[in-house]
Amino acid sequence: MPSLPSFRIRPVRFVLELFGAIVLGVGLGLGSAYLAVENGHLVDSVAISGWIASPNAGTPEADPYSAAAFARTGEVALGSGEGLALIAERDSAGNLLTGKCDYVIAGNTPPARLWTLSILEDGWRSAANPRGRVGFHSKDILREADGSFRIVVSTSAKSGNWFPIRDTERLRMVLRLYDTPVTSGSTMIELEMPTIERGACI
Amino acid sequence: MIRALLFAVGGVMLAGIIHIVSVLQVPAFAPQDTWSRIADIAPLDRFLRIRADTDDDAVHIPMLDPMMEHAVCRYSLEAGAVRMRATLPDTYWSVALYNRRGENIFSINDRAVATKDLDMLVLTPDQLAIIRENPPEELQDILIIETDDMQGFALLHVFNGDTTLTPEIHAGLDAARCEIRPF
């Protein structure tokens, strides 16, 4: 008869091990839940050249992580009948966006009746700038001969489409496409999105 | 060794349970969810104009487009159907309905609305059945939205690309109606 491993109960060791398992469980469980909710916007999302869209977020079909993330920030999602918001947290090279650097946003957007580009500072607030420029939109932007555009994001004045910012730690760029045929994940993969190139940094 | 491994496996399983339970509980316990923010500022059954970027935390709904003008109406269908009406300038506008949990349940933009103005009736299937028994003539020109969510809020967005339209947009939003007596 094969000998089974013996689990003779030694009270002190048992309590210590049980305690260890509970600490491990609570720590890992809460820690991973916190991290997952902090990054809840990334679950069930589509990334197109660094721009991230989550068409299901903020709807009854949302996954539990993005539902938790939305509940914490209190934000509301654009409805599919309105349009689609795409958020960039990183430049085209993959570096986090920061107000300490200049950026050039260049290229074209997917088809939409109207689009707006705005910038969020730390804490998901609209960038407050003294010049009253809160964003660009498809009807006021200066375009190149081929219809593409080029926006320079900088703390100091630039010619052309200049988006003035403050030198905050984090930046997020938000491109909203209104009345667009692009509202579901499967139609998004091949889209042409503007690139975000980093320029000089402070 | 096996014994330590068993405790480790137990710990990881406990971690999994705690992870799932706490993620699912966040919406129920988040103090700053959209409904609580809106309940603080918006009275029932009236559109209130709000700004996308404001320094006052209490009236701040994150992720509103700063290039649009917005109005919010908090509604409850307990007392009856809610009719929303607005006359807005000829620019992009849209309206979206959210349930109590802040989830988007309906949205439409100006081009998709058959009429020039917004005229929308939000009600439960039961309330619609009662109205259909004796339908008023104007019912066919009204956008009818059925929902099982008894409470929610509506957000109106109007594109303001050119500041010359600001007075007209503000007037339109201030006059926008969101009221229980529909007919």
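This passage describes how two chains of a predicted model are divided into domains, how they meet, and which side-chain links are found in them.

The model is predicted, and local features are therefore reported at pLDDT of at least 70 and side-chain atom pairs at pLDDT 80 or more, whereas totals for chains, interfaces and linings use all residues. Residues are numbered from 1 along each chain as its sequence is written, chains are lettered from A and ligands numbered from 1 in the order in which they are written, and side-chain values use heavy atoms, with hydrogens and water left out.

Domain bounds, which come from an automatic or database domain assignment, split chain A into domain 1 (11–42) and domain 2 (43–201). The centres of these two domains of chain A, taken over C-alpha atoms, are separated by 36 Å, and their contact (heavy atoms within 4.5 Å) takes eight residues from domain 1 and 13 residues from domain 2. The buried area, that is, the accessible area (1.4 Å probe) that two parts lose on being put together, summed over both, is about 830 Å² between domain 1 and domain 2 of chain A, with carbon and sulfur atoms giving 60% of it. On the side of domain 1 of chain A, the residues that lose the most area to domain 2 are V37(A), H41(A) and L42(A), which together account for 71% of what that side buries. One salt bridge (a side-chain nitrogen of Lys or Arg within 4 Å of a carboxyl oxygen of Asp or Glu) is found across this interface between the domains of chain A. A salt bridge also describes the meeting of the side chains of E38(A) and R72(A), at 2.5 Å from N to O.

In chain B, the assignment gives domain 1 (1–30) and domain 2 (34–179), and the C-alpha centres of these two domains of chain B lie 42 Å apart.

Between the chains, 55 residues of chain A are in contact with 53 residues of chain B, and the two chains bury about 4400 Å² between them, 63% of it on carbon and sulfur atoms. Three salt bridges are found across the interface of chain A and chain B, and R3(B) and E17(A) meet through their side chains in a salt bridge of 2.9 Å, N to O. Helices (H or I, at least four residues) and strands (E, at least two) are DSSP runs, numbered from the N terminus; among the elements that give two or more residues to the side of chain A that touches chain B are α1 (11–38), α2 (64–73) and β5 (114–121) of chain A. The largest share of that side, 16 residues, comes from α1(A).

Over all chains, the count comes to 18 salt bridges. In one salt bridge, the side chains of R172(A) and E89(A) meet at 2.6 Å, N to O, and this pair links distant parts of the chain, with R172(A) in strand β10 and E89(A) in the loop between β3 (83–88) and β4 of chain A, 83 residues apart.

A search of the whole structure finds two disulfides (pairs of cysteine sulfur atoms within 2.5 Å) over all chains. A disulfide joins C101(A) to C201(A), with 2.0 Å from S to S, and the link of C101(A) and C201(A) is right-handed, with 100° about the S-S bond. This pair, too, links distant parts of the chain, since C101(A) is in strand β4 (residues 101–107) and C201(A) in strand β11 (residues 195–201) of chain A, 100 residues apart.
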